[in-house]
Amino acid sequence: MSKVIEKIPAKGQLQPGEVALVGSGPGDPELLTIKVLRFIEQAEVAIYDRLVSDEIMALLPADCEKYYVGKEQAKHCVPQDGINKMLAEQALLGKRVLRLKGGDPFVFGRGGEEAEHLLEQGINCHIASGVTAASACTTYAGIPLTHRGVAQGCTFITGHLQNDGQLNLPWTSLAAGGQTVVFYMGINSLPTISKELVAHGRSADTPAALIRNGTRENQETYRGTLGSLQELVEKHNIKPPTLIVIGEVVNQFDSKNVGTLGYLKADECAKIVKAS
Ligand code: SAH
């Protein structure tokens, strides 16, 4: 590790029989938090999800045992109960266990349920944040989540359909102007999301974006409007992991190439709307 990182004292060490429940961020290893990086180095067993990137998996110690437990919408490769059991079993064997999730473990990650299960069995957990997708993917796409005079706040919300195929969300507050709304797991329910937001008063012309594989080499960013997003999904065959971003901030830096790698190039930002 670099000399700078060595100067930051570690607050916790992963002990045998403990679990570190951590977030790896949305993919780019440069976005790992130092705390998570340290737990990665200490892991003897890693139980990881689909959203953890290959580059981050490559950072695990060579002799670390790795178990993939999937987690794709609607087709969990190991059901949540099985994941909970596996975590506890490995910890009770006296291993240093790393539970590695995409983004932040406590943002649409069911990290809370896993922690509850472990604590009930007397197993100590370290918890360490990762950068959540909404934060990093928008930044890499050149979209500020809030911007003075444009968006005073932002909401992160799940678009995951319930078992009955319904999506019961607080549409009136989500449709209010002056804010950015980011949907996780919303690709399959996008037609409902657009329809409800427009029905509750948000203009179909509101700028909106889709960000797929955010922060990774293959990040794709599509800008359009609330009314045109579904066409973009069909045209580009957009699949998860994708975020839906709705709000005027989407066009804050108006350029075709802007931000694909988290880099704003002065001569490509055609229109910069200054905060008044
Ligand atoms: N705990 C994660 C979220 C898990 S829910 C976090 O904090 O980021 C899974 C959803 O997150 C995906 O369906 C997608 O909407 C979003 N997501 C996660 N990683 C992403 C990425 N690299 N690019 C775009 N969306 C991503």
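Strand 8 (residues 207-212) and strand 9 are joined by 6 bridges and run antiparallel. Within this pairing, Pro207 has Thr225 of strand 9 as its bridge partner. The model is predicted. Both strands belong to an open sheet of 5 strands, ordered 6-7-10-8-9.

**The sheet**
- Pairing in this sheet is mixed.
- Strand 6 (153-158) and strand 9 (220-225) form the edges, each pairing on one side only.
- From one strand to the next, the twist averages 20 degrees.

**Helices against the sheet**
- Helix 6 (residues 133-140) lies across four elements: strand 6, strand 7 (179-184), strand 8 and strand 10 (242-246).
- The direction of helix 6 is at about 75 degrees to strand 10.
- Helix 8 (residues 190-199) also packs on the sheet, where it touches strand 7 and strand 10.
- Helix 8 makes about 10 degrees with the direction of strand 10.

**The whole chain**
- The chain contains 9 helices and 12 strands.
- Its radius of gyration is 20 Å, close to the 19 Å that the globule rule gives for 276 residues, so the chain is as compact as a globular protein of that length.
- Along the principal axes, the C-alpha atoms fill a box of roughly 55 × 50 × 30 Å.

**Burial, contacts and surface**
- Buried residues make up 49% of the 276 in the chain.
- Of the contacts between residues at least 6 apart in sequence, 69% join residues at least 24 apart.
- The exposed surface of the chain is about 13600 Å², with 52% supplied by carbon and sulfur atoms.

Methods. Residues numbered from 1 in each chain as written. Predicted model: local features only at pLDDT ≥ 70, side-chain atom pairs only at ≥ 80, totals over all residues. Heavy atoms only, no water. Pairing = 2+ DSSP bridges. Helix = DSSP H or I, 4+ residues; strand = E, 2+ residues; numbered from the N terminus. Axes fitted to C-alpha atoms, helices over the stretch in contact; angles between N-to-C directions. Contact = heavy atoms within 4.5 Å. Rg over C-alpha atoms; globule rule 2.2 N^0.38 Å. Buried < 20%, exposed > 50% of the residue type's maximum accessible area, 1.4 Å probe, protein only. Areas by Shrake-Rupley, 256 points an atom, 1.4 Å probe, with all protein chains shown as cover.
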